[in-house]
Amino acid sequence: KQWYQRRVAITAGGVTRLAAIIDPVYEKVSRDVKMISELNLQLKYALNTHCHADHVTGTAALRTATGCQTIISKASAAKADLFLNDNEKVKIGNLELEARSTPGHTDGCMTFVLHSHGMCFTGDALMIRACGRTDFQQGDAQRLYHSVHSRVFSLPEEFSVYPAHDYQGRTQSSVREEKLYNPRLTKSEEEFATIMENLGLRYPAKIDVSVPWNMRCGPTVVEDKEILADIAANKPPAN
């Protein structure tokens, strides 16, 4: 089964009851733990598609709450229990996620592909009719263009695409839809680079608190009131 809401995906093998969660949010850890318990699942892994700049990860707090292991790409340089390189596999009971390196939004971006169910979890590399920005955190428009075209658009067109988030309430797309209708990635590489250079986006509101926390795997305490207040106030963690 698979659920996706506000950056979080839970993938579970029906027979083994082992589960993995992708891109958990610190403020929602209690919600996620409750769902995992209600569904009688055992959380094996908490994965990040990359070091996020728009929210604080809940991976370390989930480790505290459930005993799971945390995972991120080795290229991210962030802390975790396990690190992934391109094309490595993550086994969750009878399921297997393939980790595909898709840098360009950040150096450490990965897309997780569940071939058996025709799904890919693209993080911020590919969004629904959009893509991750490339103007901070090692962003590189040309690199992102090649990543998406070679590592995501090369998947079967019927594969479902689940991005890390969507600002219009949409939860999924497909490889075919994005190849046909993505207004950025259907352009030439040169046109894409020009689009990305001229987005005129504001400085990410949570980057100054999110990146320092996420480089250390997030807070270890589940939804601590002081930490929540600091995140709300955009206050980075103490060194």
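Which residues have the most contacts inside the largest nonpolar core? In this predicted model, they are Leu126, Val148, Phe153, Leu185 and Phe192, within a core that has 19 residues.

## Nonpolar cores

Two elements, α3 (141-152) and α5 (189-197), give two or more residues to this largest core, and α3 gives the most, with five residues. Leu185 illustrates how the core is joined: leaving aside residues up to four places away in sequence, Leu185 touches Leu126, Ala130, Cys131, Tyr145, Val148, His149, Phe153 and Phe192.

A second core, separate from the one around Leu185, has 18 residues, among them Tyr45, Leu47, Leu84 and Tyr162.

## The open sheet

Six strands, in the order β7-β8-β9-β10-β13-β14, form an open sheet whose pairing is mixed. At its edges stand β7 (89-92) and β14 (173-174), and because each has a single partner strand, one side of each is left without a neighbour in the sheet. The partner relationship between β13 (residues 160-163) and β14 is antiparallel and runs over two bridges, with Ser160 standing opposite Ser174 in β14.

Helix α3 packs on this sheet, where it touches β8 (95-101), β9 (110-114) and β10 (119-123); the direction of α3 makes about 145 degrees with that of β8.

## The two ends of helix α7

At the N-terminal end of helix α7 (residues 225-232), Asp224 acts as a cap, with a side-chain oxygen of Asp224 lying 3.0 Å from the backbone nitrogen of Glu226. Just after α7, Asn234 takes a positive phi of about 65 degrees.

Methods:
Residues numbered from 1 in each chain as written. Predicted model: local features only at pLDDT ≥ 70, side-chain atom pairs only at ≥ 80, totals over all residues. Heavy atoms only, no water. Polar contact = N/O pair within 3.5 Å; in protein donor to acceptor, adjacent residues only side chain to side chain. Helix = DSSP H or I, 4+ residues; strand = E, 2+ residues; numbered from the N terminus. Core = buried A, V, L, I, M, F, W, Y, C linked by side-chain atoms within 4.5 Å. Buried < 20%, exposed > 50% of the residue type's maximum accessible area, 1.4 Å probe, protein only. Contact = heavy atoms within 4.5 Å. Pairing = 2+ DSSP bridges. Axes fitted to C-alpha atoms, helices over the stretch in contact; angles between N-to-C directions.
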